[in-house]
Amino acid sequence: MNIICKLFFILCTILVLLKPMLAYDYCEYLHYSLFFYKYNRAGKLPDNDVPWRGDSTLNDGGGVLSAGYFDAGDHVKFGFPLSSTLTMLSWGFIQYQPNIEKCNSTKLYQDTIRYGTDWLIAAHQSDNKIAGQVGDPNADHAYWGPPETMTMDRPTYYLDTTKPGTELAMEAAAALAAASIVFKTSDPTYSATCLEHARQLHSFGDNYRGTYSDNIPNVSQFYKSWSGFDDEIVWGSIWLFKATGDSKYLEKAEKDYNDFQIVKLAKQNSHDWDLKSPGAALLLSQLSTSNNNSVYIQDVEEYLNWWLPGGGVPYTPGGLAWIRQWGPCRYSATTAFLMSIYGKNDDKYIEFTKKQIAYILGDNPKQQSFVVGMGPNAPINAHHRAAHHSTTNNIMVPVNNTYLLKGALVGGPSQDDSWKDDRTDYIRNEVALDYNSGFVGAIAYLAGTV
């Protein structure tokens with residue numbers, strides 16, 4: 001009996017030690033992290049996959065811009081973070097397509113990208129004109145209810161040669177160029193359409209330079225371009241090169257990277273909807289064949305190493321790399337995605353990816369998941385109007401969200417690891433298109449490790 005007890009104890013110990021590796025079905029997380037985007041679809045919905053969502057915003061842009069995605073827990077269609085989201089999603093697909101196929105998520109993944117790129121193509125109404133935003137964010141944020149019952153006016157804000165927006169044009173070019181790679185085999189005609197729009201937008205953004213948030217002033221409170229447009233110019237050129245193989249785009253990217261001193265923007269910062277410098281350095285370290293290659297390697301490693309423990313970025317006591325209070329999980333998840341691309345086997349970069357995503361999924365001292373409806377103590381009350389489904393414009397009623405945003409990444413904890421499932425705390429409980437975009441890529445990587 002003693003021997004049996006000892007063997008049982010050893011077995012239990014082994015299972016406890018193995019638990020972090022066995023706890024996560026990354027294919028399930030991949031499915032639902034992509035499914036999040038279905039919750040945020042606008043327009044006439046093509047299916048009933050989310051029964052509690054219905055048709056909405058059918059008159060946006062005179063009906064031409066009715067579809068697309070709502071940005072976060074609100075109902076504005078912000079073109080800049082949308083484009084950044086689509087670029088990152090496509091990058092994840094390109095990087096980890098075999099893992100995505102293994103998870104039987106290829107169709108869902110491509111549909112997710114296409115629902116956004118279709119809107120971008122519709123928004124690009126001529127060579128030098130693009131709709132940068134639909135909806136007045138101040139009026140929108142005064143309304144707390146589902147999009148299906150929304151009746152407010154929804155103005156469309158355009159960028160053109162007299163009101164340029166280089167950040168948005170170049171990021172849209174990057175998004176469509178990246179998508180052209182995603183669809184090159186499965187739908188060559190659509191791929192070619194994406195690429196043609198990408199070329200035109202790249203030309204528009206480069207030839208008519210201006211800060212987009214200066215020409216759509218009411219976006220400044222929400223998605224102001226803090227980093228300027230230099231990083232997007234380089235970023236857009238890199239993705240046009242990846243999509244076309246035309247060396248003129250790579251030569252331009254390398255020249256602008258040097259002239260604009262892009263590395264200074266990347267130091268001690270994050271890759272996000274506004275700042276593309278870290279990703280630009282990473283891609284150039286892979287693509288460049290010039291003598292500058294060692295410079296790009298040094299730049300991207302300086303960025304990544306700053307995020308490692310002891311490198312400079314603050315960490316919570318429980319182990320989350322915590323760069324800033326508003327949505328820290330998205331920054332950690334996006335950097336985890338970049339680390340997975342640059343890392344090899346089980347080096348320090350891959351270790352970062354595994355540990356940061358594990359923390360987000362609930363492997364932390366408080367056993368707190370930050371993915372809605374998944375993992376231990378999972379959030380249920382994300383700051384999201386459609387999911388809460390108030391019929392009285394009251395954020396407090398009902399007490400709990402009516403519907404579950406399963407797979408959505410919430411903002412995340414304070415620097416001391418504390419967090420509360422509080423819908424009114426949008427800093428820690430908002431969900432957004434860009435939040436899930438890097439997270440999807442990191443999960444797609446991890447799906448190939450088990």
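This section describes a buried helix and the internal cavities of a predicted model.

Helix 13 spans residues 277–287, and ten of its eleven residues are buried, so the helix is largely enclosed by the rest of the structure. The buried positions are Ser277, Pro278, Gly279, Ala280, Ala281, Leu282, Leu283, Leu284, Ser285 and Leu287. These residues pack against six helices that lie on both sides of helix 13 in the numbering: helix 3 (79–102), helix 10 (230–244), helix 11 (247–259) and helix 12 (262–266), together with helix 14 (293–307) and helix 15 (328–342).

Two cavities of 30 Å³ or more are present in the structure. The largest has a volume of about 80 Å³, and its lining consists of Ser84, Met88, His271, Asp272, Trp273, Arg330, Tyr331, Thr334, Asp434 and Ser437. Helix 3, helix 15 and helix 19 (433–446) are the elements that each supply two or more residues to this lining. Among them, helix 15 gives the most, with three residues. Helix 3 and helix 15 thus appear in both settings, as packing partners of the buried residues of helix 13 and as contributors to the lining of the largest cavity. In character, the lining of the largest cavity comprises three nonpolar, four polar and three charged residues.

The second largest cavity has a volume of about 40 Å³. Its lining is formed by Tyr39, Arg53, Phe70, Ala72, Gly73, Asp74, His75, Pro147, His384, Arg385 and Ala386. Of the residues lining the second largest cavity, five are nonpolar, three are polar and three are charged.

Methods
Residues numbered from 1 in each chain as written. Predicted model: local features only at pLDDT ≥ 70, side-chain atom pairs only at ≥ 80, totals over all residues. Heavy atoms only, no water. Buried < 20%, exposed > 50% of the residue type's maximum accessible area, 1.4 Å probe, protein only. Helix = DSSP H or I, 4+ residues; strand = E, 2+ residues; numbered from the N terminus. Contact = heavy atoms within 4.5 Å. 1 Å grid on protein atoms, 1.4 Å probe; cavity = no way out; pocket = protein on both sides within 12 Å on 5 of 7 lines; lining within 4 Å. Points joined across faces, edges and corners; volume = space filled by probe spheres on them. Nonpolar A, V, L, I, M, F, W, Y, C, P; charged D, E, K, R; others polar.
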